[in-house]
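Here's a quick briefing to read alongside the structure. Have the viewer open and follow along topic by topic.

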Amino acid sequence: VCVCVCAEESCGRRKGRAMAEFANMEAVEGLRMSWNIWPGTKGEAAKCVVPLAAVFTPLRSLPNMPVLPYSPLRCKSCRSVLNPYCRVDFSAKIWVCPFCFQRNHFPEHYMAISENNLPAELFPHCTTVEYYLPGEQASPPVFLFVLDTCIIEEELGYVKMALTQAVGLLPEHALVGLITFGTQVHVHELGFSDIPKSYVFKGSKEVTKDQILDQLGLIPPGKPKPVGVIAGVSDGLSAKSISRFLLAAADCEFILTALLDELQRDPWPVQTDQRATRCTSTALSVAAGLLGTCVPGTGARILAFLGGPCTEGSGIIVSKDLSEPIRSHKDLEKNATPHFQKAVKFYENLSKQLVNQGHVLDLFACALDQVGVAEIKVAVEKTGGLVVLAESFGHSVFKDSFKQIFEAGDYTLGLSFNGILEMSCSKDVKIQGIIGPCASLEKLLAERCVFFRHCYRSGKYNSLEDVWSRQEYFTSHFLRGGYKRNF
């Protein structure tokens, strides 16, 4: 009995040491595998109840993270980065990629490399490094507030107070914009400080990119319109035109505060037997078009504040007639929802546009009635946004959650923007699926490298841990139909 007990204790100690080693690796790499041993055969892989997977924490704060002040050296075939697992021929100044076995020549500034003079990428402990690219400046974060004005005065006052506080917490260089909607959509020109000025879009009509360019006057007369999905400064838009609607927080704080103080409820009358005319889908479409026109490929968030269901436009949830009840869970199960499929299709297209632009949709829904989260959630999930549900904008759930988005600290939910994950695999390894807030960019490189756009929910614009969410699959060959964010 003593021998058995001793053997069990010895086995337990070995297991404890092994788990400690893996925990130490996770602390250094920010990576955890579902299995600690790679299956050697197809039969062993089939017996794995839990699939072989890697849980990766982007932008995790590592205390001893090496930071290299130059650009990474990439394989010319699969674009993998020089790492400690590469074979190096010091005499010929060649390194062999461990993924595709491509032989690559070192550039001139690596010519002094030798067994005793290694670059940081080849040190055994530098399996995870960060690159700091000198001379490159990140674009400022962009926050576009989309506010529902079909709510009562008390609720509107709570929202205006929250937005005023949020602008004070933003970095001075962050760009801020404001869109309000009810029966119509109003895009407010914050760069015009003389009097409140806004551009109006009809809530029942779909808005195209050309209409946004024309109606907002973003393209100066005589200049050709940009061709393609996105525009920006590189396609002829001037910084002055963009600053009319997206202004730095330090410059627009006074203007935005005064505008919010004068903001009133939607003036259009509502009959007693009808719901308010609320064009949520049109407002979100205009917001996505404005960001895609002005700041494509830049980290930006649309923060939508909703107080009821959409009753106008392409994403209608329920009709304005109060005699028609809003769809229930049983209606969704029975497929007895006249507006559901059309609304979901609209928000799926909106999510594709936002992912292509690198932008995020956040939803703050505060109402006693439903607001249509079941339809809108596809756009929130694919872009990596967040959803806050509460009974009122004056509730502590909304106030505390909204404040934690912008505050800095260890116990707050900060933000990071527009990240791209690039995963390179060996020849016999293929990506089966992904869990988390990602969306496929539908790109294949050398048949072994996969790209995902990842809009992180993490630290104060550049740090903290990612938040994993639901799971959906796509094939590694076509990268179609796979959703999700930003494993």
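Is Phe101 buried or exposed? Phe101 is exposed, at a relative accessible area of 56%. Bear in mind that this is a predicted model. The protein chain has 487 residues, and 46% of them count as buried. Its secondary structure adds up to eleven helices and 20 strands.

**Surface**

- About 25600 Å² of the protein chain is exposed, with carbon and sulfur atoms supplying 55% of that.
- There's a nonpolar patch on the surface, made of Trp35, Trp38, Val49, Val50 and Leu52. Together these residues offer about 530 Å² of accessible area.
- To find the patch, start with Trp35, in the loop between strand E1 (31-33) and helix H2 (42-47).
- Trp35 itself comes out as partly exposed, since its relative accessible area is 36%.

**Strand E14 and its neighbours**

- Strand E14 covers residues 359-366, and it's mostly covered: eight of its eight residues are buried.
- In a regular strand, side chains alternate between the two faces of the sheet.
- Here, both faces are covered. His359, Leu361, Leu363 and Ala365 sit on one side, with Val360, Asp362, Phe364 and Cys366 on the other, and all are buried.
- Strand E13 (residues 300-306) runs parallel to E14, and seven bridges join the two. To see the register, look for Leu303, which stands opposite Asp362 in E14.
- Strand E15 (residues 387-390) is also parallel to E14, joined to it by four bridges. In this pairing Ala365 stands opposite Leu389 in E15.
- Follow the chain from E14 through helix H10 (residues 373-383) into E15 and you've traced a right-handed β-α-β unit.

**Helix H7**

- Helix H7 spans residues 280-294, which makes 15 residues.
- From first C-alpha to last, H7 reaches 21 Å, close to the 21 Å expected at 1.5 Å a residue.
- H7 is mostly covered too, with 15 of its 15 residues buried.
- An α-helix has 3.6 residues a turn, so residues three or four places apart point the same way.

**Salt bridges**

- Side chains of opposite charge can pair when their charged atoms come close.
- The count for this model is six salt bridges.
- One of them pairs Asp148 with Arg278, whose closest N and O atoms are 2.6 Å apart. The two partners come from distant parts of the chain, 130 residues apart: Asp148 is in strand E8 (residues 142-148), and Arg278 is in the loop between helix H6 (249-262) and H7.
- Are Asp148 and Arg278 buried or exposed? Asp148 counts as buried because its relative accessibility is 0%. Arg278 is buried as well, because its relative accessible area is 5%.
- Glu189 makes a salt bridge with Lys197, and the closest N and O atoms there are 3.6 Å apart. Glu189 counts as buried at 8% relative accessibility, whereas Lys197 is partly exposed at 33% relative accessible area.
- Lys320 and Glu312 also meet through their side chains in a salt bridge, at 3.9 Å from N to O. Lys320 is partly exposed, with 28% relative accessible area. Glu312 has 19%, so it lands in the buried class, given that buried means under 20%.
- Salt bridges that share partners also tie Glu189, Lys197 and Arg244 into one network.

**Backbone spots to check**

- Which phi does Arg79 have? Its phi is near 65 degrees, a positive value in a residue other than glycine.
- Arg79 belongs to the loop between strand E3 (67-68) and strand E4 (87-89), and its relative accessible area of 34% makes it partly exposed.
- Phe101 isn't a glycine either, yet its phi is positive, at about 60 degrees.
- Look for Phe101 in the loop between strand E5 (94-96) and strand E6 (103-105). This brings us back to the opening question: Phe101 is exposed, because its relative accessible area of 56% lies over the 50% cut-off.

Conventions
Residues are numbered from 1 along each chain as its sequence is written. This is a predicted model: local features need pLDDT of at least 70, side-chain atom pairs count only at pLDDT 80 or more; totals for chains, interfaces and linings use all residues. Side-chain values use heavy atoms; hydrogens and water are left out. The expected span of a helix is 1.5 Å times one less than its number of residues. Buried means under 20% relative accessible area, exposed over 50%, partly exposed in between (1.4 Å probe, protein chains only). Patches are made of residues with over 30% relative accessible area and no salt bridge: like charges are joined within 9 Å, nonpolar side chains (Val, Leu, Ile, Met, Phe, Trp, Tyr) within 5 Å. Accessible areas come from the Shrake-Rupley method with a 1.4 Å probe; for residues, only the protein chains shown count as cover. A salt bridge is a side-chain nitrogen of Lys or Arg within 4 Å of a carboxyl oxygen of Asp or Glu. Two strands pair if DSSP finds at least two bridges between them. A crossover is right-handed if, with the strands pointing away from the viewer, the path from the first strand over the helix to the second runs clockwise.
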